[in-house]
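Trainee: I would like to go through this entry by asking for particulars. Please end each reply on the value or name I ask for.

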Amino acid sequence: MDNTAATRQTAHEYVDRLESRDWPGLAGLLTDDVVYEMPQTRERIRGRDDFLRFNVDYPGDWHLRVRRVVADDQMAALWLDVRDGAEQQDACVWLDVTEDGLISRIVDYWPEPYDPPPGREHLTERW
């Protein structure tokens with residue numbers, strides 16, 4: 001399997017382990033010094049143990065489903081459907097994967113929907 005295929009597989013496994021709350025399995029996908037970043041809140045978590053604790057303690061009955069994975073060599077981008085009860089939100093996640101196939105960096109974007117600015121209605125359609 002080439003690097004791109006292995007990275008794509010790791011990306012899918014990452015989401016599968018989170019969704020199933022398989023914390024030991026998730027730990028096995030991460031480097032000891034993994035870095036997790038959330039740009040909107042400017043939060044950073046350093047280290048596998050703290051990242052696992054963050055997820056174990058995260059509130060709600062959240063669920064993840066992969067909409068799309070794009071991988072190239074040792075990087076992957078994921079578009080996720082995230083649900084917590086009746087609430088749905090999209091998330092975009094970027095993964096950096098080491099030569100050994102472990103995730104070393106995770107960047108998690110949580111875009112919020114908003115109304116477009118006026119003046120471009122003639123160019124766009126809303127869905």
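Trainee: Which residue has its backbone nitrogen 3.1 Å from a polar atom of the side chain of Thr-31?

Mentor: This is a predicted model, in which local features need pLDDT of at least 70, side-chain atom pairs count only at pLDDT 80 or more, and totals for chains, interfaces and linings use all residues. Residues are numbered from 1 along each chain as its sequence is written, and side-chain values use heavy atoms, without hydrogens or water. At 3.1 Å from the Thr-31 side chain lies the backbone nitrogen of Val-34.

Trainee: Which side chain is joined to that of Thr-31 by a polar contact?

Mentor: A polar contact is a pair of N or O atoms within 3.5 Å; within protein, one must be able to donate a hydrogen and the other to accept it, and residues adjacent in sequence count only if both atoms are side-chain atoms. At 3.1 Å, the side chain of Thr-31 has such a contact with that of Asp-33.

Trainee: Why does Thr-31 count as buried?

Mentor: Thr-31 is found in strand 1, residues 30-38. Helices (H or I, at least four residues) and strands (E, at least two) are DSSP runs, numbered from the N terminus. Buried means under 20% relative accessible area, exposed over 50%, and partly exposed in between, with a 1.4 Å probe and protein chains only. Thr-31 counts as buried because its relative accessible area is 10%.

Trainee: In what order do the elements run from the N terminus on?

Mentor: The protein chain has three helices and six strands. Of its 127 residues, 34% count as buried. From the N terminus on, the order of elements is α-α-β-β-α-β-β-β-β.

Trainee: What distance separates the C-alpha atoms of Val-69 and Trp-79?

Mentor: Val-69 belongs to strand 3, and its relative accessible area of 15% makes it buried. Trp-79 is 10 residues away from Val-69 along the chain. Their C-alpha atoms are separated by 6.5 Å.

Trainee: Which residue forms a salt bridge with Glu-37?

Mentor: A salt bridge is a side-chain nitrogen of Lys or Arg within 4 Å of a carboxyl oxygen of Asp or Glu, and the whole structure has 10 of them. Glu-37 is buried, with 13% relative accessible area, whereas its partner is partly exposed at 49%. At 2.7 Å, N to O, that partner is Arg-44.

Trainee: Which helix holds both Asp-57 and Arg-53?

Mentor: The side chains of Asp-57 and Arg-53 meet in a salt bridge at 3.0 Å, N to O. Arg-53 is partly exposed, at 47% relative accessible area. The two residues are four apart, about one turn of the helix, and both lie in helix 3.

Trainee: Which residues does a network of shared salt bridges join?

Mentor: Asp-81, in strand 4 (residues 75-84), counts as buried because its relative accessibility is 2%. Its side chain makes a polar contact of 3.1 Å with that of Arg-67. Arg-83, partly exposed at 39%, forms a salt bridge with Asp-81, the closest N and O atoms being 2.9 Å apart. Through shared partners, the network joins Arg-65, Arg-67, Asp-81, Arg-83 and Asp-90.

Trainee: What is the relative accessible area of Asp-72?

Mentor: Asp-72 lies in strand 3, residues 62-72. It is exposed, because its relative accessible area is 52%.
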